[in-house]
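Visitor: Please take me through one part of this model at close range. I should like to know what surrounds it and how it is placed against its partners.

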Amino acid sequence: MWEIKIKREKSLPEPVGYKKAFDDCQGQELREDLEKKAMGIAKGGFGNIFMIMFTLYMTGNMMNIFTIVIIGQFLWQAISTIAKMDQAFQLLENRGISLFFYKLIYLSAGLLQLGVVLYKLYNIGLLPLNSADWIDLVPLHHQEEIVVPYSYN
C-alpha cells in the first residue's frame, strides 16, 4: 500500500501583498485602503450614466408603454441611489477617514442620473416646464364692453 507523508513547515514566509485580514494593515496602508474603497463606492454611480443615456436614446421620442416603463425604472434607480447614500458608506463610517468628499461625489453621480432622466421626460413632453403647460392656471380677463348706438343725423 502506498503512503504519502507531507511535511508542513510553519516558517514559510507569506507571499508578497498577502494580508490575513483587512484589519491587520497598519497606519497609512489601512488609510489608503479605506480611501480606495470609498472612492470605488463614490464612483460607482458614474458607470451607469452612459448606459442610461444609451437606453433612453434607443427608446426614442415616441410615447408608448415601453418608453414609460424604461423611464420609470431609471427614475426610480436614480432616486434610490440618492436615498441610499448613507447605507452605501455604512461600512466605512467611524474608520478614521472623512467621507464628506466621497459622499459628495456619490451624490453628484445620483443627481446626474436624475438629470438625464428628467431631460428625457422633458423631451417627450411629460415634464411640464413650458408656459403652454400651465396656461389653464392663468386667470382669464373678461372685458366688459358697452355698445352705444350713435348716429350722425
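Guide: A residue is called buried when its relative accessible area is under 20%, exposed when it is over 50%, and partly exposed in between (1.4 Å probe, protein chains only). By that scale Q113, with 2% relative accessibility, counts as buried. The model is predicted, so local features need pLDDT of at least 70 and side-chain atom pairs count only at pLDDT 80 or more, while totals for chains, interfaces and linings use all residues. Residues are numbered from 1 along each chain as its sequence is written, and side-chain values use heavy atoms, with hydrogens and water left out.

Q113 belongs to helix α5, the part to be examined here. Helices are DSSP runs (H or I, at least four residues), numbered from the N terminus. Setting aside its neighbours within four places in sequence, Q113 is in contact (heavy atoms within 4.5 Å) with G45, N48, I49, I52, Q77, A78 and T81.

Helix α5 comprises residues 100-123, and its 24 residues should span 34 Å (1.5 Å times one less than the number of residues); the end C-alpha atoms are 34 Å apart, which agrees. Its buried residues are Y102, K103, I105, Y106, A109, G110, Q113, L114, V116, V117, K120 and L121. These buried residues pack against α1 (28-42), α2, α3 and α4 (85-88).

Two backbone features lie outside the helix. Just after α5, G125 adopts a positive phi of about 90°. In the loop between α4 and α5 sits N94, whose phi is near 55°, a positive value in a residue other than glycine. N94 counts as exposed, at 77% relative accessibility.

Among the partners of α5, consider α1. The axes of α1 and α5 (lines fitted to C-alpha atoms over the stretch in contact, with angles from 0 to 180 degrees between N-to-C directions) come within 8 Å and cross at roughly 20°. The two helices are therefore roughly parallel to each other (under 35 degrees is roughly parallel, over 145 roughly antiparallel, 65 to 115 roughly perpendicular and the rest oblique). From α1 the contact draws on E35, A38, M39, I41 and A42, and from α5 on F101, Y102, I105 and Y106. By class there are 8 nonpolar residues, no polar and 1 charged (Ala, Val, Leu, Ile, Met, Phe, Trp, Tyr, Cys and Pro are nonpolar, Asp, Glu, Lys and Arg charged, the others, Gly among them, polar).

Helix α2 packs on α5 at an angle of about 5°, with the axes 10 Å apart. This pair, too, is therefore roughly parallel. I49, I52, M53, L56 and T59 of α2 meet A109, L112, Q113, V116, V117 and K120 of α5. That contact holds 8 nonpolar, 2 polar and 1 charged residues. I49 and I52 are among the contacts of Q113.

Helix α2 (residues 49-59) also engages helix α3 (residues 65-83), the two axes coming within 10 Å and crossing at roughly 165°. Helices α2 and α3 are therefore roughly antiparallel to each other. Here M51, I52, T55, L56 and T59 of α2 meet F66, T67, I70, I71 and F74 of α3. The residues of this contact divide into 7 nonpolar, 3 polar and no charged. I52, L56 and T59 thus appear in the contact of α2 with α3 and in that of α2 with α5.
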